[in-house]
Amino acid sequence: MVKLEFLQIKESREGFLTYIYAVHNEVSVVGEARLRAAGTRSVPERLGDLGFEIDEPYRRRGYATAAARALLDVAKTLGMVEISLCCKAENEASVKIAKKLGFRLQKEILNPERGKILKFTLIGK
């Protein structure tokens, strides 16, 4: 069983909010999940960006999928109607999670420092 534990809200200099959660299994913290709101406290936006990082020993056990699914519920509660998920093209696990959760490939971005980045979008879930 996977559980998200709310840790904090970080606010960027531009005022964007990031909701940060610890990802737990039955015994310990196995990673982190983040939901970044495209709006600010004063101008809420209905767009968000989802991210997750699972510690190496716990990967390929469904934790990232469960955390992402739980964050989609949080996003819905916050009124977000469009969520994006970006990952490196060679990150097969994240690509698989995005597709499994119903995200659609929106575009490919060539970043000189990070390589080919895929941007997936999920609308209205």
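This is a dialogue about reading the fold, the contacts, the salt bridges and the largest pocket of a predicted model.

Visitor: Where should I begin with the overall fold, and how many helices and strands are there in the protein chain?

Guide: A good place to start is the list of secondary-structure elements, taken in order. In this predicted model the protein chain has two helices and seven strands, and along the sequence these elements follow the pattern β-β-β-β-α-β-α-β-β. The radius of gyration of the protein chain is 14 Å, close to the 14 Å that the globule rule gives for 125 residues, so the chain is as compact as a globular protein of that length. The C-alpha trace spans about 40 × 30 × 30 Å along its principal axes.

Visitor: What share of the residues in the protein chain is buried, and what share of the contacts between residues at least 6 apart in sequence joins residues at least 24 apart?

Guide: Buried residues account for 38% of the 125 residues. As for the contacts between residues at least 6 apart in sequence, 44% of them join residues that are at least 24 apart.

Visitor: Could we follow that down to single residues, beginning with T18: which strand holds T18, and which residues is T18 in contact with beyond its neighbours within four places in sequence?

Guide: For a single residue, I would read its element, its accessibility and its contacts together. T18 sits in strand β2, which covers residues 16-24, and T18 counts as buried because its relative accessible area is 17%, under the 20% cut-off. Apart from neighbours within four places in sequence, T18 is in contact with Q8, I9 and K10, and also with R34, L35 and R36.

Visitor: And D49, is that residue buried, exposed or partly exposed, and what does D49 contact?

Guide: D49 belongs to strand β4 and, at 26% relative accessibility, counts as partly exposed. Once neighbours within four places in sequence are set aside, the contacts of D49 are R34, L35, R36, S84, L85 and C86. R34, L35 and R36 are contacts of T18 as well. The pair D49 and S84 shows how residues separated in sequence can meet in space: they are 35 residues apart along the chain, while 4.7 Å separates their C-alpha atoms.

Visitor: What about residues in loops, for instance F103: where does F103 lie, and is F103 buried or exposed?

Guide: A loop residue is read in the same manner as one in a strand. F103 lies in the loop between α2 and β6, and with a relative accessible area of 2% F103 is buried. Not counting residues up to four places away in sequence, F103 touches L72, I83, S84, L85, A98, F120, T121 and L122. The C-alpha atoms of F103 and S84, which are 19 residues apart along the chain, are separated by 7.9 Å.

Another loop residue, R60, is found between β4 and α1 and is exposed, with a relative accessible area of 75%. The backbone of R60 deserves a look, as R60 has a positive phi of about 65° although it is not a glycine.

Visitor: How many salt bridges does a search of the whole structure find, and how exposed are the residues that form them?

Guide: For each salt bridge, it helps to take the pair, the distance and the accessibility in turn. The search finds three.

R34 pairs with E32, with the closest N and O atoms 3.2 Å apart; R34 is partly exposed at 25%, and E32 is partly exposed at 31%.

E56 pairs with R59, where the closest N and O atoms are 2.7 Å apart; E56 is exposed at 56%, whereas R59 is partly exposed at 43%.

K116 pairs with E108 at 3.1 Å, N to O; K116 is partly exposed at 37%, and E108 is partly exposed at 48%.

Visitor: Finally, how much space lies in the largest pocket, and which residues are closest to its centre?

Guide: Rolling a probe the size of a water molecule over the atoms shows where empty space is left. Here the largest pocket holds about 770 Å³ of space. It is lined by 29 residues, of which F52, N91, A93, S94 and I97 are the closest to its centre. The elements giving two or more residues to this lining are β4, α1, β5, α2 and β6, and the largest share, six residues, comes from β4. By class, the lining has 13 nonpolar, six polar and 10 charged residues.

Definitions and conventions:
Residues numbered from 1 in each chain as written. Predicted model: local features only at pLDDT ≥ 70, side-chain atom pairs only at ≥ 80, totals over all residues. Heavy atoms only, no water. 1 Å grid on protein atoms, 1.4 Å probe; cavity = no way out; pocket = protein on both sides within 12 Å on 5 of 7 lines; lining within 4 Å. Points joined across faces, edges and corners; volume = space filled by probe spheres on them. Helix = DSSP H or I, 4+ residues; strand = E, 2+ residues; numbered from the N terminus. Nonpolar A, V, L, I, M, F, W, Y, C, P; charged D, E, K, R; others polar. Salt bridge = Lys/Arg side-chain N within 4 Å of Asp/Glu carboxyl O. Buried < 20%, exposed > 50% of the residue type's maximum accessible area, 1.4 Å probe, protein only. Rg over C-alpha atoms; globule rule 2.2 N^0.38 Å. Contact = heavy atoms within 4.5 Å.
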